[in-house]
Amino acid sequence: MHGQEPPAGLLLAAGEGRRLGRPKAALELDGERLVDRGVRMLRDAGCSPVIVVVGAEPVEVIGAVVVPNADWRSGMGSSLRAGLAALPPACPAVVVALVDQPLVTADAVRRLIAAYEAGAGIAVATYGGARRNPVLLRAEHFAGAAEAAVGDLGAREFLRANLGLVTPVPCDDVAAPDDVDTPDDLAALTRKERR
């Protein structure tokens with residue numbers, strides 16, 4: 001990292017999992033809670049500190065700073081704002097990941113960090129050319145991303161408004177953006193993991 005602080009990791013894990021019937025953070029995939037898996041992935045990639053935003057259900061997490069989002073019902077945007085506000089003042093960049101995408105890997109995050117170290121202000125993982133998660137934001141974009149984070153959009157509107165600043169980072173060969181939104185999704189991911 002050329003002597004500078006590493007990017008922080010921010011795991012958004014506050015939702016209630018309405019379609020799933022229970023909050024996602026404590027769900028298990030192959031015996032590991034999704035929240036622990038996400039924290040491990042960010043730490044393995046070199047992110048420090050790692051912050052987890054929780055809401056629908058209190059979750060204790062080892063190896064991360066837990067930030068409660070009392071406004072979690074309003075959507076992912078409030079969790080992104082809470083997480084960005086909790087970053088250390090000298091934090092140079094942050095990798096934002098979602099707890100319900102357990103097939104995102106440390107290799108994908110390392111690619112985003114490599115793009116950042118090469119000068120990218122915003123780096124976004126792509127799969128089949130489509131921009132998904134995780135997303136890396138350099139510190140000068142924290143305020144803009146927080147301001148645009150409304151409802152369930154997270155950083156999407158901010159990225160759309162700043163396409164010229166976005167560096168796409170293909171991650172198809174090292175990760176997948178599959179979401180856990182329903183019990184069927186969890187069953188399918190469990191099968192995929194065991195292959």
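# Close-up views of a predicted model

**Figure 1. D30 and its loop.** With a relative accessibility of 38%, D30 falls between the limits of 20% for buried and 50% for exposed, so this residue counts as partly exposed. The model shown here, and in every panel that follows, is a predicted one. Where should you look for D30? Find the loop that runs between β2 (28-29) and β3 (32-33). The backbone deserves a glance too: D30 is not a glycine, yet its phi is positive, at about 50 degrees.

**Figure 2. The whole protein, for orientation.** Before zooming in again, here is the overall picture. How many helices and strands does the protein have? There are six helices and nine strands. The radius of gyration is 15 Å, close to the 16 Å that the globule rule gives for 195 residues, so the protein is as compact as a globular protein of that length. Taken along the principal axes, the box filled by the C-alpha atoms is roughly 40 × 40 × 30 Å. Of the 195 residues, 51% are buried. If you are thinking in contact maps, consider the contacts with a separation of 6 or more: 70% of them are between residues 24 or more positions apart.

**Figure 3. Helix α1 and the backbone that follows.** Helix α1 covers residues 34-44. Which of its residues are buried? They are L34, V35, R37, G38, V39, M41 and L42. Just after the helix comes G46, whose phi is positive at about 105 degrees. Follow the chain a little further and you reach P49, in the loop between α1 and β4 (50-54). The peptide bond leading from S48 into P49 is cis, and its omega is near -5 degrees.

**Figure 4. Helix α1 packed on helix α3.** Two packed helices are described by the angle between their axes and the distance between the axes. For α1 and α3 (residues 106-117), the angle is about 45 degrees and the axes are 8 Å apart. Because of that angle, α1 is oblique to α3. Is the crossing left-handed or right-handed? The crossing of α1 and α3 is right-handed. On the α1 side the contact is made by M41, L42 and D44, and on the α3 side by A106, V109 and R110. Sorted by class, the contact has four nonpolar residues, two charged ones and no polar ones. Two of the α1 residues here, M41 and L42, are also among the buried residues of that helix.

**Figure 5. Helix α2 and its surroundings.** Helix α2 (residues 76-85) is mostly covered, with seven of its 10 residues buried. Those buried residues are G77, S78, S79, L80, A82, G83 and L84. What do they pack against? Their partners are the strands β1 (8-13), β4, β5 (65-68) and β6 (93-98), together with helix α4 (142-148).

**Figure 6. M76 in helix α2.** M76 also lies in helix α2. Its relative accessibility is 27%, so M76 counts as partly exposed. Setting aside residues up to four places away in sequence, M76 touches L12, L98, G151, D152 and G154. G151 is 75 residues from M76 along the chain, while their C-alpha atoms are separated by 6.3 Å.

**Figure 7. T167 in strand β9.** T167 has its place in strand β9. Is T167 buried, partly exposed or exposed? At 29% relative accessibility, T167 counts as partly exposed. Without counting residues up to four places away in sequence, the residues that T167 touches are A115, A120, I122, A123 and V124. For a handy distance to check in your viewer, T167 and L112 are 8.9 Å apart from C-alpha to C-alpha, with their positions 55 residues apart in sequence.

**Figure 8. D181 in the loop after β9.** Between β9 (166-170) and α6 (183-194) runs the loop that holds D181. With 16% relative accessibility, D181 is under the 20% limit and therefore counts as buried. Leaving aside neighbours within four places in sequence, which residues is D181 in contact with? They are R19, L20, K24 and D100.

**Figure 9. The cis bond in strand β8.** Strand β8 (residues 130-138) contains P134. N133 and P134 are joined by a cis peptide bond, with omega at about 0 degrees.

Terms used: Residues numbered from 1 in each chain as written. Predicted model: local features only at pLDDT ≥ 70, side-chain atom pairs only at ≥ 80, totals over all residues. Heavy atoms only, no water. Buried < 20%, exposed > 50% of the residue type's maximum accessible area, 1.4 Å probe, protein only. Helix = DSSP H or I, 4+ residues; strand = E, 2+ residues; numbered from the N terminus. Axes fitted to C-alpha atoms, helices over the stretch in contact; angles between N-to-C directions. Parallel < 35°, antiparallel > 145°, perpendicular 65-115°, else oblique. Left-handed = near helix turned anticlockwise from the far one by under 90°. Contact = heavy atoms within 4.5 Å. Nonpolar A, V, L, I, M, F, W, Y, C, P; charged D, E, K, R; others polar. Rg over C-alpha atoms; globule rule 2.2 N^0.38 Å.
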